[in-house]
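Morning, everyone. I have one structure to show you today. Let me put it on the screen.

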Amino acid sequence: MKNNKLLSIVGLFVLSIIWGGNIPYMKAALDFSGPAEFAFLRNFFGAVVLFGILLVLKKPILIKEAPRLFVLGLFQTAGFTGFLIWALVEGGASKTVILVFTMPLWVAMMSWPLLRERLTPAQWVAVGISFLGIGVIFNPLDEGNNILSCSLALASGLSWACGVILSKRFHIRHPKLDLLTMTAWQMLWGSIPLFMVLLIVNSEPIIWNIFFINITLFNIIFVNAIAYLLWFFALKHLEATLVSMLSLLTPITGAISAWIVLSEVPNEFERVGYILILFSIFSLIYFRKKFNK
């Protein structure tokens, strides 16, 4: 059990670097593809990779729990990825990744009534600081601020948080369910709404060059298939609140990566908002109270 917890923590750090470093490259990929097309490609073929691994390992694929994983896929894959990529289309990568990673805030708040992982008074103060940071980033007095992009990024984080809670509850109800099978099915289900959006929205044809193909393959194999396995493994062996907090490295990595790759430099208001949000999430970790029945 201790080994699983240690592996979960190490895995979270690895996926945080993968997810954070990938954000500006996702935005770059949207120069060659519509958002719906890119979202569908990375999720659907990520599921194909996982089902292929299941076949090689001769693990069961047609499981009775599969239909119940549709809701998880709707939030964890379709909502999280769809809103994230849409936010990247509308706005900057660094602001998007910071607002998406308000996810621990929503998880902490929902874990109290749904998972009985209670918050301490100090954690509620941290929640208030986080909302203050969000308000500073939105900055309604700034006419040049992209409210739509900010709202979409928050929607992505909220959808992701719902996926965290659903995943944790699913693990509690089905503790023997194979993690690889669960990940593959939820990713497949999540790609269906993205495909429906793809059919409705009119986009320019995909430009299939080496750069776009490499980014897409990296997203399919590492960002989706491998990273999601690490994510659900961590959720299975750690508290939902702790998992979301340990992923704090992702927005930091994402902001640094956006600065290096896209030359995105946040303004003074954005920097204040970033600091408030990151400080509040760190405080939520520090003052975390273990689950008591």
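**Rings, a pocket and two cysteines**

Let's start with one residue, Phe70. Its relative accessibility is 31%, so Phe70 counts as partly exposed. For that label, the value has to sit between 20% and 50%. Keep in mind that this is a predicted model.

Who is the partner of Phe70? Phe70 forms an aromatic pair with Trp189. The ring centres are 5.9 Å apart, and the planes meet at 75 degrees. That makes the pair edge-to-face. Now look at where the two sit. Phe70 is in helix α3 and Trp189 is in helix α8, so the pair ties together parts 119 residues apart in sequence. Is Trp189 buried or partly exposed? At 22% relative accessibility, Trp189 counts as partly exposed.

On to the other rings. How many aromatic pairs are there? The count is 18. Take Phe38 and Phe212. Their ring centres lie 6.1 Å apart with the planes at 55 degrees, so this pair is tilted. Phe38 belongs to helix α2, and Phe212 to helix α9, which covers residues 210-237. This pair links distant parts of the chain, 174 residues apart. Phe38 has 0% relative accessibility, so Phe38 counts as buried. Phe212 also comes out at 0%, and therefore counts as buried.

There is a cluster to find, too. Trp19, Phe80, Phe101, Trp160, Tyr228 and Trp231 form one aromatic cluster. Try picking out those six side chains on the screen.

Next, the largest pocket. It holds about 330 Å³ of space. Its lining has 16 residues. Nearest the centre are Gly82, Phe83, Trp86, Leu194 and Val197. Which helices supply at least two lining residues each? They are α2 (35-57), α3 (70-90) and α8 (179-200). The largest share comes from α3, with nine residues. By type, the lining has 12 nonpolar residues, three polar and one charged.

Last topic: cysteines. How many disulfides does the structure hold? Zero. Look at Cys150 to see why. Its sulfur is 20 Å from the closest cysteine sulfur, in Cys162, and that is too far for a bond. The cut-off for a disulfide is 2.5 Å. From the other side, the sulfur of Cys162 has Cys150 as its closest, again at 20 Å, so no bond there. Cys150 is at 1% relative accessibility, so Cys150 counts as buried.

That's my tour. Questions, please.

How values were computed. Residues numbered from 1 in each chain as written. Predicted model: local features only at pLDDT ≥ 70, side-chain atom pairs only at ≥ 80, totals over all residues. Heavy atoms only, no water. 1 Å grid on protein atoms, 1.4 Å probe; cavity = no way out; pocket = protein on both sides within 12 Å on 5 of 7 lines; lining within 4 Å. Points joined across faces, edges and corners; volume = space filled by probe spheres on them. Helix = DSSP H or I, 4+ residues; strand = E, 2+ residues; numbered from the N terminus. Nonpolar A, V, L, I, M, F, W, Y, C, P; charged D, E, K, R; others polar. Phe/Tyr/Trp six-rings, centres within 6.5 Å; stacked < 30°, edge-to-face > 60°. Buried < 20%, exposed > 50% of the residue type's maximum accessible area, 1.4 Å probe, protein only.
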